[in-house]
Amino acid sequence: MKGKVVLVTGANGGLGTYVTQAFLDAGTTVVGTSRKIQQHDFNNSNFTAMPAEISTREGAKVLVNQVMARFGELDVLAHTVGGFAGGQSVADTDDATFQRMFDLNLNCVFHILRAAVPLLRKTGTGRIIAIGSRAALDPAPGVGAYSASKAAMVSLIKTVAFENKDAGLTANVILPGTMDTPANRKSMPDADFSKWVRPNSVASLMVWLASDAGKDVNGSVIPVYGSDV
Ligand SMILES: NC(=O)c1ccc[n+]([C@@H]2O[C@H](COP(=O)([O-])OP(=O)(O)OC[C@H]3O[C@@H](n4cnc5c(N)ncnc54)[C@H](OP(=O)(O)O)[C@@H]3O)[C@@H](O)[C@H]2O)c1
């Protein structure tokens, strides 16, 4: 995949760190973004940090313009930005939590898609891989805002797949179950970590979907639940 320019959003996150490293290992040029990303987060000459706030249209547009100014093309969007809130029933969910879930899990992907899709179309082999959540399909009590925002995101990605297949672009969404990230270990110290999904499994799948081998997989919603099926 040498020569491909990959934009990884949430590149310094629990999952995004693995995704960034996996694309670097595949020989691609990686632009890693998040609000606080720094150049020294990855020690690799193919890595470029571009800090951005992508929950606004302007933030996403400026970022993608910077990628184009620096590299002249964009081949892959690997979108991992997202976040969780839980513990409130739908009846008890406050406005701020509901808004935060939709900003993080839906608006960020909407804004980055609007900025990136026209450029990805130009390559003739563009790839979009986004991270949803098992909760998008399997809601549970107390996670209404999170589940609904992820379900909406799945719908958006499938729509993008339909709308852009004429340009050789594929768009797929992966739904991980609970992953073995440092934040999850900290918040659930008594859990059996071996049962959790390895972030590297998700990262490898993203690289495969972005490769030529993944060309025929389009509009797919892919569960990665580990042993907890
Ligand atoms: N962890 C799990 O068990 C699990 C399970 C299923 C699905 N998921 C999904 O997997 C994805 C990654 O999860 P994670 O646990 O790795 O999350 P995480 O560690 O919280 O990472 C989130 C990333 O997004 C960035 N970010 C947040 N808001 C942003 C914004 N407005 N603009 C730009 N960047 C922003 C953060 O960096 P900055 O703070 O520097 O901006 C960080 O890099 C999420 O979509 C999550 O919903 C996670």
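**Helix packing and sheet architecture in the predicted model**

Helices H3 and H4 cross in a right-handed sense, the near helix being turned clockwise from the far one by less than a right angle. The model is predicted, so local features require pLDDT of at least 70 and side-chain atom pairs pLDDT 80 or more, whereas totals for chains, interfaces and linings use all residues. Residues are numbered from 1 along each chain as its sequence is written, and side-chain values use heavy atoms, without hydrogens and water.

The axes of H3 (residues 95–123) and H4 (residues 144–164) come within 8 Å and cross at roughly 15°; axes are lines fitted to C-alpha atoms, for helices over the stretch in contact, with angles from 0 to 180 degrees between N-to-C directions. The two helices are therefore roughly parallel (angles under 35 degrees). Helices (H or I, at least four residues) and strands (E, at least two) are DSSP runs, numbered from the N terminus.

An open sheet of seven strands, paired in parallel, follows the order S3-S2-S1-S4-S5-S6-S7; pairing requires at least two DSSP bridges. S3 and S7 (221–224) stand at the edges with a single partner strand each, so one side of each lacks a neighbour in the sheet. The twist averages 20° from one strand to the next. S6 (residues 170–176) and S7 pair over four bridges, and isoleucine 174 has isoleucine 222 in S7 as its bridge partner. Helix H2 (residues 57–71) packs on the sheet, touching S1, S2 and S3 (contact, heavy atoms within 4.5 Å), and its direction makes about 155° with that of S1. H3 also packs on the sheet, touching S1, S4 and S5 (127–131), at about 170° to the direction of S4.

Methods:
Parallel < 35°, antiparallel > 145°, perpendicular 65-115°, else oblique.
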